[in-house]
Amino acid sequence: MDKTNHTEFFEDIDRCSGRYVEELCDFLRIPGVSSDSGRGRAMEESAEWILEKLRALDFRGGIHFAGGSPIVMARQEYSRSAPTLLIYGHYDVQPEDPLDEWKSPPFEPTLRDGAIYARGANDDKGQFYTYLKALETYKRIRGVIPLNLIVLAEGEEEIGSKSLMHFLNQKKDQLHSDIFLVSDSSMLSKDIPAVTCGFRGIVSFEITLQTMAKDLHSGLFGGIALNAAEVLSDLLAKLKDSGSGKILVPGFYEDVRPVAEQERRAMEQLNYDEAAVAKSLGMTKLSGERGYSAMERKSIRPTLDINGMWSGFTGEGSKTVIPARASAKISARLVPDQQPDLIFQCFKDFVAGHLPAGVKADVRYLFGAMPVLAEIDDPNVRLAAESIEEGFGVAPAFIRSGGTIHIISEIKNTLKIPSMLILGWGRPENGSHSPNEHFYISDFQKAVRSLCVLFDKLSGHEEKR
Ligand SMILES: [Zn+2]
């Protein structure tokens, strides 16, 4: 392959970098916090901003409403024989607080030490914006983008993507695509980019136990009353074996797809420094399931966590009471091919089978998302890896994220898109969802480079030469 072929892209990106960064700063100034219902105007402004940029690139499209924040859908057709790419991103951001921990105001983008500091710089405005600028550079250099393109941007990712899920079902027929592209994840480390091959799913639920009609005096009734906090603690302690870290709920592991030895070996080679991670977290040693490395435990293995529990008196001082009710919030991260509703049923059955006589249990489903997995031998994944190697100058690692991006599994499964490319451009320490969120300009440039090369590869430009 003639690599000099791409220098024109790289030179164009260098030449335009100043303007590209300024434009990104304009985008970042719009305070689109989706959880704040008072920011409706900012959501509209964000959607309009994106649509305007796409129209300038000759995309046709518009703004749609499906209940909540506006959705941008725009497209550019090239030819029937060219592949169709669906590029997804979200313009909404997390709330900015705690404000006093920001070194510069969250919605006044500031350049410092080679990075842009602002809420959304990394998640996901900055990462999504790399696609807009790659399309711009590509078009300037090649004259035409020989791919069919659909861009889909939403403003509710941080609060569950409800509108987009409706929209996907309504517009399924207009969204047929061959390759799904998204950058809403991260690199492996500051020097090593990554292709994320999968996300864990999740199921989240709440248990409330009731042992008697009301809280009772522990002097008058202590010794004869059934304490709900004790019953709940006992039940929760049975969920997991504290020695092996195995989850003891029957059926929980039944659908877990074994991970290929080759992938486990590749993970081993990533040299995850367990001691350093433990230290950075203020722990003496990491915990978890026996028989798996830390890297495996946080990505390819399912987990179970008690997220919170409450019962009885928790105020200041003492109150000698026997609680009648006790509750806990629990969630499990799931891996292929576990399904949230089946796992929830396993927990419900487990609770029902372990209750002392007379205790009432209410087990309530809160939310769930399916795990997703790209095929590691998908040729497009290989093309993406080659493009990133050229753009960043370093081969990417193939990783699986322990997190869950609900909308990614929804898009992939609803639209049945065969190829999925999850290319994270931000560094793990870039402060997504935290104060002082930032995005390095050098990473931004490398990402735009990688995407230009990828568009060449996906359109078959290189074979034609
Ligand atoms: Zn995001």
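Analyst: Two strands are said to pair if DSSP finds at least two bridges between them. Please keep in mind throughout that the model in front of you is predicted.

User: With that in mind, which strand runs parallel to β3 over seven bridges?

Analyst: The partner is β6, which is joined to β3 by seven bridges and runs parallel. Within this pair, Leu-86 stands opposite Ile-150 of β6. β3 also pairs with β7 in the parallel sense, here over four bridges, and the bridge partner that Leu-86 has in β7 is Phe-180.

User: How many residues of β3 are buried?

Analyst: The cut-off to apply is that a residue is buried when its relative accessible area is under 20%. By that test seven of the seven residues of β3 are buried, and the strand is mostly covered. When you look along β3, Thr-84, Leu-86, Tyr-88 and His-90 point one way, whereas Leu-85, Ile-87 and Gly-89 point the other way, and all of them are buried.

User: You mentioned Phe-180 as a bridge partner of Leu-86; which residues away from its own stretch of sequence is Phe-180 in contact with?

Analyst: A contact requires heavy atoms within 4.5 Å. Phe-180 lies in strand β7, residues 179–182, and its relative accessible area is 0%, so it counts as buried. Once neighbours within four places in sequence are set aside, the residues in contact with Phe-180 are Leu-86, Tyr-88, Ile-408, Ile-411, Ile-417, Ser-419, Met-420 and Leu-421. For a sense of distance, Phe-180 and Pro-302 are 122 residues apart in sequence, and their C-alpha atoms are 25 Å apart in space.

User: What share of the contacts between residues at least 6 apart in sequence joins residues at least 24 apart?

Analyst: In the protein chain that share is 79%. On the side of burial, 54% of the 465 residues are buried, and the accessible surface comes to about 21100 Å², with 50% of it belonging to carbon and sulfur atoms.

User: How should I read the overall fold, and how many helices and strands are there?

Analyst: The protein chain comes to 13 helices and 18 strands. Its radius of gyration is 25 Å, close to the 23 Å that the globule rule gives for 465 residues, so the chain is as compact as a globular protein of that length. Along the principal axes, the C-alpha trace spans about 85 × 50 × 45 Å.

User: Which strands does β9 pair with, to take β13 and then β14 as the elements to look at?

Analyst: β9 and β13 pair in the antiparallel sense over ten bridges, and one place to find this is Ser-204, whose bridge partner in β13 is Ser-331. Strand β14, residues 360–369, is joined to β9 by nine bridges and also runs antiparallel to it; there, Val-203 stands opposite Gly-368. Eight of the ten residues of β9 are buried, so this strand is largely enclosed by the rest of the structure.

User: Turning to helices, what covers the buried residues of α4?

Analyst: The buried residues of α4 are Ser-163, Leu-164, Met-165, Phe-167 and Leu-168, and their cover includes β1, β2, β3, β6 and α11. A charged side chain in another helix is also worth examining: Lys-53 is placed in α2, residues 40–56, and at 17% relative accessibility Lys-53 counts as buried. Beyond its neighbours within four places in sequence, Lys-53 is in contact with Glu-23, Leu-132 and Lys-133.

User: Is Ser-161, which has a positive phi although it is not a glycine, buried or exposed?

Analyst: Ser-161, with a phi of about 55°, is located in the loop between β6 and α4, and at a relative accessible area of 2% it is buried. Lys-416 also has a positive phi, of about 50°, without being a glycine; it belongs to the loop between α11 and β17, but at 67% relative accessibility Lys-416 counts as exposed.

User: Where is the cis peptide bond with omega near -5°?

Analyst: That bond runs from Asp-123 to Asp-124, and Asp-124 sits in the loop between β5 and α3. A cis peptide bond also joins Pro-336 and Asp-337, with omega about 0°, and Asp-337 is found in the loop between β13 and α9.

Methods. Residues numbered from 1 in each chain as written. Predicted model: local features only at pLDDT ≥ 70, side-chain atom pairs only at ≥ 80, totals over all residues. Heavy atoms only, no water. Helix = DSSP H or I, 4+ residues; strand = E, 2+ residues; numbered from the N terminus. Rg over C-alpha atoms; globule rule 2.2 N^0.38 Å. Buried < 20%, exposed > 50% of the residue type's maximum accessible area, 1.4 Å probe, protein only. Areas by Shrake-Rupley, 256 points an atom, 1.4 Å probe, with all protein chains shown as cover.
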